[in-house]
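Dear colleague,

Please find the structure below, handed over for your own work. A short account of its findings comes after it.

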Amino acid sequence: MSIILTNISKNFGKFAALNHINLEIPEGELVALLGPSGCGKTTLLRIIAGLEQADSGRVVLNGEDKTEQHVSHRGIGFVFQHYALFRHMTVFDNIAFGLRVKPKKHRPGEADITQKVHALLELVQLDWLHDRFPDQLSGGQRQRIALARALAVEPDVLLLDEPFGALDASVRKDLRQWLRNLHHELNVTSIFVTHDQEEAMEVASQVVVLNHGRIEQQGAPSDIYDHPANAFVSRFIGQTNVFSGDDQDTIWLQSSGLPINDKPGKTAHVRPHDIDVEKASDEASAHAVLKDWQHLGALIRIELVKNAADADNATVYAEMPNEQFKRLQLNRGDKVSLRIRNAHWFH
Amino acid sequence: MNAATQTLIKNSLQEPVWIRWSLIAIALGFILMFLCLPLWIVITEAFAKGWAAYITALGQPDAVAALRLTLLTALITVPLNTILGVCAAWAITRFEFTGKSLLTTLIDLPFSVSPVISGLIFVLVFGAQGWFGHWLSEHDIKIIFAVPGIVLATLFITFPFVARELIPLMQEMGSEEEEAALSLGANGWQMFVQITLPNIKWALLYGVLLCNARAMGEFGAVSVVSGHIRSMTNTLPLHVEVSYNEYDFVGAFASASILAGLAIVTLVLKSVLEWRQGKH
């Protein structure tokens, strides 16, 4: 089911949480609403769900205007950040809740409900927990039960608020992959909110970057990473080196191999993996001094200081594969030559 | 950690023996003197002339009427204040509106105003010389010196008990579970009965219990509005006073023993509820 938001605005007192949001989400996508805390992403999710009313604008689900419709009639499944499992009910009763509160003429029989709940529990691989209470479950298990409960009513849209926010790092990694696979299997249009760009890039098929109640960019993860629309997106997604673009920096960038014709903007953003590092053969080709490095697993992050008489001493980061770094046999204090392959310019 | 260091730590955290024992003695002495002794006197005085006199005193038409009126008052006010208390707690913990902090403060008003003043307010509003007095007497409606006045005054006095138990609990719980129920298709009533009520039931029962104890035991406000008409507008606490003033000591203490018994039952139930609440 497609989702179309037009001109959504929301104010809390004088604080503008959302500012004329226009967003279109095609059917079957797994979309991440990504942004720093306080950017309005959760508010937007709650407005789509109907848990919050927008001050202006329309929410259209599958071509039907649902702006005025109550949350219980929108056909959405909502997974809360802290799961919001009913603490006085067993796992089974939690999942069955949505089926049991249906009006009499749509309500399935108790046998059908039992069958459906067990099917859902098998889907989330937790059938053995059906008679436990929520406080007897781990965080990851609660998350999956909350998801099963939301799926029980066969929602047209699945909305997840910071689904991995309250979990341990290791559990989070597993659940990300699992959610992605589950989405492949069910193909229900899903939106999740996150402040973790890595999570958004890894899980989502579409990423919407929000900041200060506005949409900064929407696109596939690779699009957003390779072609950031503005300085905020470039800085927020992945690592980047920011150069001011004044004469000193421009000359340094040029000498480090970045082709600049007719300076296209005020600041230049360079990804660490777009900088090649080599040992300098002589003083003239030395662009930087190697200050330090860190192991990031398969990659090495190198800290560099610009080697120019009047340069600021801001650290420039470069990244290269572990193996390559070993081959170069670099030490702290070594003079290195650089080749900067690519930069994004912003005003 | 060996036993010696454990004792050492324990000793360093505790007061000297004589301080501990004198504090315990003061606390116990106070309870004996001001709680147990009066209770003992109530019971011994009630039975001073034996079982037969006790039963006769309670069987007097005035005493029976007082007991009946007390039960009637509680039967009307407790359910009403349960509903009102849940509504107030719901409004305060689930909605944002101007004047919310004022409402929260006003809920406690019956606790901070002297009960006699509360009674007087009703006399001033509904009494013969009050604002509505003329209109009420024209339509032959009696509120003051009649049962409606007693119910109104009790309603006012016991309003805070339920709301005050629920507000902190509902604030702490948040509304996520209720929102989850709605998002799963539940209507407002299903949400309240199946999600909210099970979560607040122990606190609600606790509030109802306290509300009931006060409704049955209230003296000050009821005394002002009732007019002390025997067999008509005397509640049990008022009956105790009237009997005592007429030197009918067995009658007074027999009625008082009923109220004391009620207090003990309330205390026991309260402990049970607190224990249940602690478990959840």
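The notes below cover the nonpolar cores and the salt bridges.

This is a predicted model, in which local features need pLDDT of at least 70 and side-chain atom pairs count only at pLDDT 80 or more, while totals for chains, interfaces and linings use all residues. Residues are numbered from 1 along each chain as its sequence is written, chains are lettered from A and ligands numbered from 1 in the order written, and side-chain values use heavy atoms, without hydrogens and water.

The largest nonpolar core (buried Ala, Val, Leu, Ile, Met, Phe, Trp, Tyr and Cys residues joined through side-chain atoms within 4.5 Å; buried means under 20% relative accessible area, exposed over 50%, partly exposed in between, with a 1.4 Å probe and protein chains only) has 65 residues. Among the members that touch the most others are Phe97(A), Ile191(A) and Leu166(B). A second, separate core of 45 residues includes Phe92(A) and Phe236(A).

Over all chains there are 21 salt bridges (a side-chain nitrogen of Lys or Arg within 4 Å of a carboxyl oxygen of Asp or Glu). Arg100(A) and Asp93(A) form one at 2.9 Å, N to O; Arg100(A) is partly exposed at 29%, as is Asp93(A) at 26%. Asp249(A) pairs with Lys306(A), their closest N and O atoms being 3.0 Å apart, and both residues are buried. Arg176(A), buried at 4% relative accessibility, bridges to Asp196(A) at 3.5 Å. Glu199(A) and Glu202(A) join that pair in a network of salt bridges.

Yours faithfully
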